[in-house]
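Colleague: I've got some "how do you know" questions about this one. Can you walk me through the reasoning behind the labels?
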Amino acid sequence: MSERLQPGDAAPAFTLPDADGNEISLSDYRGRKVIVYFYPAALTPGCTKQACDFTDNLDVLAGAGYDVIGISPDKPEKLAKFREKENLKVTLLADPDKTVTEAYAAFGEKKNYGKTYLGVIRSTVVVDEHGTVERALYNVRATGHVAKIIKDLAI
């Protein structure tokens, strides 16, 4: 498990397939700010709420110069279903082997109903125009998280 990212760290580079199978790289966003968020699974209640919140606020975020990328261990086919079913506008990337999720320290020990297990830690990393971590938030809540980001970033 990787160390949690801190402001000032270089954001780990990645290239992953999107919901349509196209390769998307962090470097494609050079010169723009990007919010990279990690979520456990498409088509689940909390992850749907979070993805819909990002979609509903995409114009506000884009207007402030932020793009949004959601990353989960799901395969592109499931991400496409998720996007269509929920009418999502955020870029969804597939990380089935969790390489990128681990590089961002968004995979690790979780507790649920007294049981400890390994899984995706709901996390958000804000990357600036130069590929540097501006903020790294771990163990975030699905509900209300987007509003908190907008407030924290003074958008």
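Modeller: Sure, salt bridges to begin with. This is a predicted model, and the structure holds seven of them.

Colleague: What makes R83 and D20 a salt bridge?

Modeller: The cut-off is a Lys or Arg side-chain nitrogen within 4 Å of a carboxyl oxygen of Asp or Glu. For R83 and D20 the closest N and O atoms are 2.9 Å apart, so the pair qualifies under the 4 Å limit. The two come from distant parts of the chain, 63 residues apart: R83 sits in helix α3 (residues 76–86), and D20 in the loop between β1 (15–17) and β2 (23–25).

Colleague: And why can such side chains pair at all?

Modeller: Opposite charges can pair when the charged atoms come close.

Colleague: How do you know that R83 meets E84 in a salt bridge?

Modeller: Same kind of check: the N to O distance for R83 and E84 is 2.8 Å, and the limit is 4 Å. Since salt bridges that share partners are joined up, D20, R83 and E84 end up in one network.

Colleague: Why is R83 called partly exposed, and E84 exposed?

Modeller: Buried is under 20% relative accessible area, exposed is over 50%, and partly exposed is in between. R83 has 21%, so it counts as partly exposed. E84 has 55%, which puts E84 over the 50% mark, so it is exposed.

Colleague: What makes K78 and D74 a salt bridge?

Modeller: Their side chains meet at 3.4 Å, N to O, so they pass the 4 Å test.

Colleague: Is D74 buried or exposed, and how do you know?

Modeller: D74 is buried, because its relative accessible area is 8% and the cut-off for buried is under 20%. Its partner K78 comes out at 31%, so K78 counts as partly exposed.

Colleague: Let's turn to single residues. Why is T124 called buried?

Modeller: T124 has 0% relative accessibility, so it counts as buried. T124 belongs to strand β8 (residues 123–127). Leaving out residues up to four places away in sequence, T124 touches I35, V36, Y37, Q50, R135, A136, L137, V140, H145 and I149. For scale, the C-alpha atoms of T124 and D53 are separated by 14 Å, with their positions 71 residues apart along the chain.

Colleague: What about V34, buried or exposed?

Modeller: Buried: V34 is at 1% relative accessibility, and under 20% is what the label asks for. V34 is part of strand β3 (residues 33–38). Among the residues V34 touches are L26, Y66, D67 and V126. V34 and V68 are 34 residues apart in sequence, yet their C-alpha atoms are 5.6 Å apart in space.

Colleague: How do you know that T55 is buried?

Modeller: T55 comes in at 14% relative accessibility, so it counts as buried, the limit being under 20%. T55 lies in helix α1 (residues 45–56), and it touches N87, L88, K89 and V90, again without residues up to four places away.

Colleague: N87 caught my eye. What makes its phi worth flagging?

Modeller: Phi of N87 is near 55 degrees, a positive value in a residue other than glycine. N87 is in the loop between α3 and β5 (91–94). K98 gets the flag too, with phi near 65 degrees, also positive and also in a residue other than glycine. K98 lies in the loop between β5 and α4 (99–103), and at 25% relative accessible area it is partly exposed.

Colleague: Zooming out, what is the order of elements from the N terminus on?

Modeller: The protein has five helices and nine strands, and the run is β-β-β-α-α-β-α-β-α-β-β-β-β-α.

Colleague: Why is the protein called as compact as a globular protein of its length?

Modeller: Its radius of gyration is 14 Å, and the globule rule gives 15 Å for 155 residues; the two values are close, so the protein is as compact as a globular protein of that length. The C-alpha atoms fill a box of roughly 40 × 35 × 30 Å along the principal axes.

Colleague: How many of the residues are buried?

Modeller: Buried residues make up 49% of the 155. As for contacts with a separation of 6 or more, 64% come from residues 24 or more positions apart.

Colleague: And what does the protein expose?

Modeller: About 7,800 Å², with carbon and sulfur atoms supplying 49% of it.

Conventions. Residues are numbered from 1 along each chain as its sequence is written. This is a predicted model: local features need pLDDT of at least 70, side-chain atom pairs count only at pLDDT 80 or more; totals for chains, interfaces and linings use all residues. Side-chain values use heavy atoms; hydrogens and water are left out. Helices (H or I, at least four residues) and strands (E, at least two) are DSSP runs, numbered from the N terminus. The radius of gyration is taken over C-alpha atoms; the globule rule is 2.2 Å times the number of residues to the power 0.38. Buried means under 20% relative accessible area, exposed over 50%, partly exposed in between (1.4 Å probe, protein chains only). Contact means heavy atoms within 4.5 Å. Accessible areas come from the Shrake-Rupley method with a 1.4 Å probe; for residues, only the protein chains shown count as cover.
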